[in-house]
Amino acid sequence: MSESYDFLFKFLVIGNAGTGKSCLLHQFIEKRFKDESNHTIGVEFGSKIISVVNKMVKLQIWDTAGQERFRSVTRSYYRGAAGALLVYDITSRETYNTLTTWLSDARMLASQNIVIILCGNKKDLDADREVTFLEASRFAQENELMFLETSALTGENVEEAFVQCARKILNKIESGELDPERMGSGIQYGDAALRQLRSPRRAQPQGAQECGC
Amino acid sequence: MAKTENGRPSVDMGSIRTLNSSHLEDESSLGSDSEINGFTSERQTDRYGFIGGAQQYSEESAQDVPPEVLRQREVKWLDMLSHWDKWMIKRFNKVRLRCQKGIPPALRGRAWLYLSGGKVKREQNQGKFQELDSQPGDPKWIDVIEKDLHRQFPFHEMFVSRGGHGQQDLFRVLKAYTLYRPEEGYCQAQAPIAAVLLMHMPAEDAFWGLVQICEKYLPGYYSPGLEAIQLDGEILFALLRRSSPIAFRHLEKHKIDPILYMTEWFMCAFSRTLPWASVLRVWDMFLCDGVKIIFRVGLVLLKCTLGTREKLKTCQGLYETMELLRAIDPRYMQEGFLVRE
C-alpha cells in the first residue's frame, strides 16, 4: 500500500540528555513505552501519518542526542524543520534551565517560524517534581510556545503534543502565515495534496507568490 | 483529538528506525519488545551473553570455527601473548593476520588489552585506577553517567539489571576517566566503548583500554566540540568518492552530511550497529590496525547500501537514505563478508 498524505512536516525532538526524547518518539509511533533502550548517539528517527483537521499529515521526526557536546553534530538536523518538541524533565531543574539555549538554537538554525511545543516530560513522576506546571507554562507564554506536560511512560499527552504542533502548522499554512513553497519551510505537499492542487478548480498560480521576503 | 473529531479511522502507518533495528523490514518486527518483556520468565543468553535485541547471535551473521582450528589458534595466541614484545616488533604482519582471522574468544580480552597498549599503561601507572576509583568525582559528570548506566546494551546479561555488577563497573570506569582527564570529562559515546571492554576484562583493564582508545585510537572523538569526528566524517566522504562514486554522488546531491550517518558508527566503533559476531571481528582488527579499520567498514557499508543506481531508485531524499543506512542488509554485516571486504 502506498502512503497517501496531504502534507509532510519535518519535526525535531530536542532537549537535554535523559529527558526522555527517544521514549516520547517511541511512545508516539509504537504506542508503547520503550524500557530497554540505548541512549541516542547522533540521531534516531521515525515517521507516522496522523489525521489533523481533515488533513493527512506525515510527520518525519528527528530525535537528537541531548548531551551538550553533541550540539555541534545535531545542529545539522535542524535545517528546515517545521515543528519541534522541546523537552525537559519535570523532575530535573537543570533540564529546565537550559531551555533558552535550545530555543535559540532551534529558532536560529531551523527557521524563525518553527512551531515549538514545550513538553514537560515524566509527568508520572510527580512526587519528584522540581519544576511546577505554572512556571513552565509562564515560560511557554513568554516565549510563544505551546505547552503540555507529558509522560512517555503512560503515554499521557504524547500524541497530543505531536498533533497540537501539527495542527498549529496547518493553521499557519491556511492563514498564509507559512508558505510551504518556501525553501527550508520543512513542509512538503504529499501526493494527495498535489492531486488537489493540480485539479483545475484549485489551480492557484502557486509560482506567482514566491519570494515574499 | 483530531483523529476522532473528524470521524476518520486512525491511520497508523508508523515506522521507526532505531539504533539496533538493522533487521527491520516492516513495522511489526519492532515487536521484539514483547520478547524482552518475557525474559524474566525464560531468559536464555546467546554465546555472547545477549538475551535479545538485534545484535544477538544468529547463524547467518556468524561463522563457526571448528573446535580443532580454535584449539590451534589458542596455542598460537598463547605463544604470542607470552612473547608479546618480540612478536609486535619482529612479526607484526603475522599478528595482524591472526587478528584478521579472529582472536579466540577465550583469549580476546587479554589480546585486546595487549594490542591496545592498555597493559603497558596499566603497568606504568600502578595504583592509579584504585586512586581514581576511590575519589568521589565531579557531580556534574556523575549525574550524566548515572543516567546512562542502564542504557548500555540493555540486552546483555551483564548490563541488564539496574545496579548490577556490570553497571557498577561501568560507572567506576567512566567516572575514573573523568578524573583522569577532567578537561575532557564524559562523553556519552564513551559508555558503549567501555561496556564492550567490560564484557571482556575487569574494570581496571577496561579503564586502561578506554584510555588508549580515547587517546591513541580515536583521539579527540569524545572531546567537547567533537571536531575530530566531524573531520573524519569529511575524510570518509572524500574516500567514498573513490570507493563508490555512485554512493558519493547520491549523498552529495541530497546534501547528506557525513555527520548524519557516521557519528554513531565511528564514535562507538560499530558496537551498536553490527551483529555481535561482526563487532568482535571488527574490534579485533581495529585494536590491531587502528581507525583505518573503522573507515574501511564504513566505506563497505556505504558502498553496499548505496552503491548501485538500482538501490538508489527507492530512496529519493535525505530521510529515505537515512532509513536505508539504518536498516543495512544483514548480509553486508556478516562477519565473513566484512572481514573479506
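A:Q27 counts as buried because its relative accessibility is 8%, where buried means under 20% relative accessible area, exposed over 50% and partly exposed in between (1.4 Å probe, protein chains only). A:Q27 sits in helix α1 of chain A; helices (H or I, at least four residues) and strands (E, at least two) are DSSP runs, numbered from the N terminus. Leaving aside residues up to four places away in sequence, A:Q27 touches A:R32, A:F33, A:A152, A:L153, A:T154, A:G155 and A:V158, a contact being heavy atoms within 4.5 Å.

This is a predicted model, in which local features need pLDDT of at least 70 and side-chain atom pairs count only at pLDDT 80 or more, while totals for chains, interfaces and linings use all residues. Residues are numbered from 1 along each chain as its sequence is written, chains are lettered from A and ligands numbered from 1 in the order in which they are written, and side-chain values use heavy atoms, with hydrogens and water left out.

**Confidence in chain A**

- Chain A has a mean pLDDT of 87, and 89% of its residues reach 70 or more; pLDDT is the predictor's confidence in each residue, from 0 to 100.
- Among the elements of chain A, strand β6 (residues 146–149) has the highest mean pLDDT, 98, and helix α7 (residues 191–198) the lowest, 61.
- Residues 199–213 of chain A have pLDDT below 50, and this stretch makes seven contacts in the model beyond near neighbours in sequence.
- Where pLDDT is low, the predicted coordinates should not be read in detail.

**Fold and surface of chain A**

- Chain A contains seven helices and seven strands.
- Along the sequence, the elements of chain A run β-α-β-β-α-β-α-α-β-α-β-α-β-α.
- Of the 213 residues in chain A, 60% are buried.
- For contacts in chain A between residues at least 6 apart in sequence, 73% link residues at least 24 apart.
- Chain A has an accessible surface of about 8900 Å², with 48% of it on carbon and sulfur atoms; accessible areas come from the Shrake-Rupley method with a 1.4 Å probe, and for residues only the protein chains shown count as cover.

**Positive phi in chain A**

- Most residues other than glycine have a negative phi, and most peptide bonds are trans.
- A:K31, which is not a glycine, has a positive phi near 55 degrees.
- A:K31 lies in the loop between α1 (21–30) and β2 (43–52) of chain A, and it counts as partly exposed because its relative accessibility is 46%.
- A:E144 is also not a glycine, and its phi is positive at about 55 degrees.
- A:E144 lies in the loop between α5 (133–142) and β6 of chain A, and it counts as exposed because its relative accessibility is 69%.

**Chain B**

- Chain B has 21 helices and one strand.
- Of the 341 residues in chain B, 57% are buried.
- For contacts in chain B between residues at least 6 apart in sequence, 72% link residues at least 24 apart.
- The accessible surface of chain B is about 15000 Å², and 50% of it belongs to carbon and sulfur atoms.
- An unreviewed UniProt entry places the feature "domain: Rab-GAP TBC" at residues 102–290 of chain B; UniProt positions are given in the numbering used here, feature names are shortened, and annotations may be inferred rather than shown by experiment.
- Residues 102–290 of chain B are 65% helix and 0% strand, with the end C-alpha atoms 15 Å apart.

**Two covered helices in chain B**

- Helix α6 (residues 108–116) of chain B is mostly covered, with eight of its nine residues buried; among them are B:W112, B:L113 and B:Y114.
- After α6(B) comes B:G117, with a positive phi near 85 degrees.
- In helix α15 (residues 258–267) of chain B, 10 of 10 residues are buried, including B:E264, B:W265 and B:F266.
- B:A269, just after α15(B), has a positive phi of about 50 degrees.

**Interface of chain A and chain B**

- The size of an interface is often given as the accessible area lost when the parts come together.
- Chain A and chain B bury about 4700 Å² between them, with 55% of it on carbon and sulfur atoms; buried area is the accessible area (1.4 Å probe) that two parts lose on being put together, summed over both.
- A:H39, A:F45 and A:R69 supply 18% of the area that chain A buries against chain B, more than any other three residues.
- The contact involves 49 residues from chain A and 61 residues from chain B.
- Zero salt bridges are found across the interface of chain A and chain B, a salt bridge being a side-chain nitrogen of Lys or Arg within 4 Å of a carboxyl oxygen of Asp or Glu.
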